[in-house]
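Student: I am new to this structure. Please pick one part and take me through it closely, step by step.

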Amino acid sequence: MKKYKVVNIIFDLGNTLVFFDHSYFSNGIAEREKKLSTAAFKKYIVKNKLDIKLMSGRMNHREFFRKLKKKFDLRIGYNDFIYFYSDVFWENPNMKRLLEKISRIRKYRLFLLSNTDSPHMTFIDKNFPYVRLLKNRVLSYKVHMYKPQKKIFRYLLEKYKMAPDTTVLIDDLKDNVKAASSLGMHAIHYVNHRKFMSEFSKVLKIR
Ligand SMILES: [Mg+2]
């Protein structure tokens, strides 16, 4: 029997370490802009792939703001706009507890692999200090790649000299789990904490 042991743990951010709902963004803007249709606002962002452009670092937030301001005739200023854009997260207390616990155990190397952008990451680090425990990070907007592209997983493995069979990914999106598995990594689909913990404890016990 093949012997291996998981020593690298990669965490996803959104809906894994913290929960989020992007509706808070459009709802926040709509509180200020009474004529705004939140449905049209969301649709415009997705249709023009503005979300993808932001997280892959191909568009900056000034440009994002200018486009939406023009399209929807917004009066809101840039700083308030970015605040509403960023304030869409809340804590996952179970993951907070787990991450704080694991980070005290020295035998694991911990990583953050996230499709995110600069305002979101700044907001997260400021408001959810436990995420700052993850110092080794591969962030989509910095590397111009994103999950589930296999190249971002390969990039992470190479950058930190990790063997896939000693690595586990925890992620709420099935496609990301599939991509990691196809590269030989252990991957756990984070659906709910109880189910996750039963799989996670099995994986960590693998010898
Ligand atoms: Mg996620």
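**A strand core and the helix against it**

Tutor: Start with the overall layout. In this predicted model, 27 Å separate the centres of domain 1 and domain 2, taken over C-alpha atoms. The domain assignment gives domain 1 as 8-19 + 90-205. Domain 2 is 23-86. Where the two touch, domain 1 supplies 11 residues and domain 2 supplies 8 residues. On the side of domain 1 that touches domain 2, α7 (118-127) and α8 are the elements that give two or more residues. That side of domain 1 has 4 nonpolar, 5 polar and 2 charged residues.

Now go into domain 1, to its paired strands. Begin with β1 and β4. They pair in the parallel sense, over 4 bridges. One pair to find on screen is Ile10 and its bridge partner in β4, Phe111. From β4, step across to β5. These two strands also pair in the parallel sense, and 4 bridges join them. Phe111 serves again here: its bridge partner in β5 is Asn136. Follow the chain as well. β4, α7 and β5 make a right-handed β-α-β unit. Recall α7 from the domain contact: it is one of the elements giving two or more residues to that side of domain 1.

Return to β1 and step to another partner. β1 and β6 pair in the parallel sense, over 4 bridges. The pair to look for is Phe11 and, in β6, Ile170. Next comes β7 (residues 186-189), which runs parallel to β6 and is joined to it by 4 bridges. Ile170 is useful here too: its bridge partner in β7 is Ile188. Between these strands, the chain goes from β6 through α10 to β7, and the β-α-β crossover is right-handed.

Pause on β6 itself. It covers residues 167-171, and 5 of its 5 residues are buried. Look at its two faces. Thr167, Leu169 and Asp171 are buried on one side. Val168 and Ile170 are buried on the other. Both faces of β6 are covered.

Next, the helix. α9 spans residues 150-159, and its buried residues are Ile152, Phe153, Leu156 and Leu157. Look down the axis of α9: these buried residues fall within an arc of 135 degrees, so they line one face of the helix. On the other side of α9, Lys151, Glu158 and Lys159 are exposed.

What covers that buried face? The cover includes strands already visited: β1 (8-11), β4 (109-114) and β5 (136-139). Two helices are also part of the cover, α8 (140-143) and α10 (174-182). You have met α10 before: the chain passes through it on the way from β6 to β7. α8 is familiar too, from the side of domain 1 that touches domain 2.

Now check the backbone on either side of α9. Most residues other than glycine have a negative phi, and most peptide bonds are trans. Keep that in mind for the loop between α8 and α9. His144 sits in that loop. Its phi is positive, about 55 degrees, although it is not a glycine. His144 is exposed, with 11 other C-beta atoms within 10 Å. Pro148 lies in the loop between α8 and α9 as well. The peptide bond from Lys147 to Pro148 is cis, with omega near 5 degrees. At the far end, α9 is followed by Lys161, whose phi is positive, near 50 degrees.

One more positive phi belongs on this tour. Asn15 is in the loop between β1 and β2 (18-20). Its phi is near 60 degrees, again in a residue other than glycine. Asn15 is partly exposed, with 16 other C-beta atoms within 10 Å.

Last, glance across to domain 2 (23-86). Gly28 is in helix α1 (residues 23-32). Gly28 is buried, because 20 other C-beta atoms lie within 10 Å. Leaving out residues up to four places away in sequence, Gly28 touches Phe84 and Asp87. Gly28 and Val177 are 149 residues apart in sequence and 32 Å apart in space, C-alpha to C-alpha. In helix α2 (residues 38-47) you will find Ala39. Ala39 counts as exposed, with 9 C-beta neighbours inside 10 Å.

Terms used
Residues numbered from 1 in each chain as written. Predicted model: local features only at pLDDT ≥ 70, side-chain atom pairs only at ≥ 80, totals over all residues. Buried ≥ 20, exposed ≤ 12 C-beta atoms within 10 Å, placed from the backbone. Arc of directions from axis to C-beta. Contact = placed C-beta atoms within 7 Å. Domains from an automatic or database assignment. Nonpolar A, V, L, I, M, F, W, Y, C, P; charged D, E, K, R; others polar. Pairing = 2+ DSSP bridges. Right-handed = clockwise from strand over helix to strand, strands pointing away.
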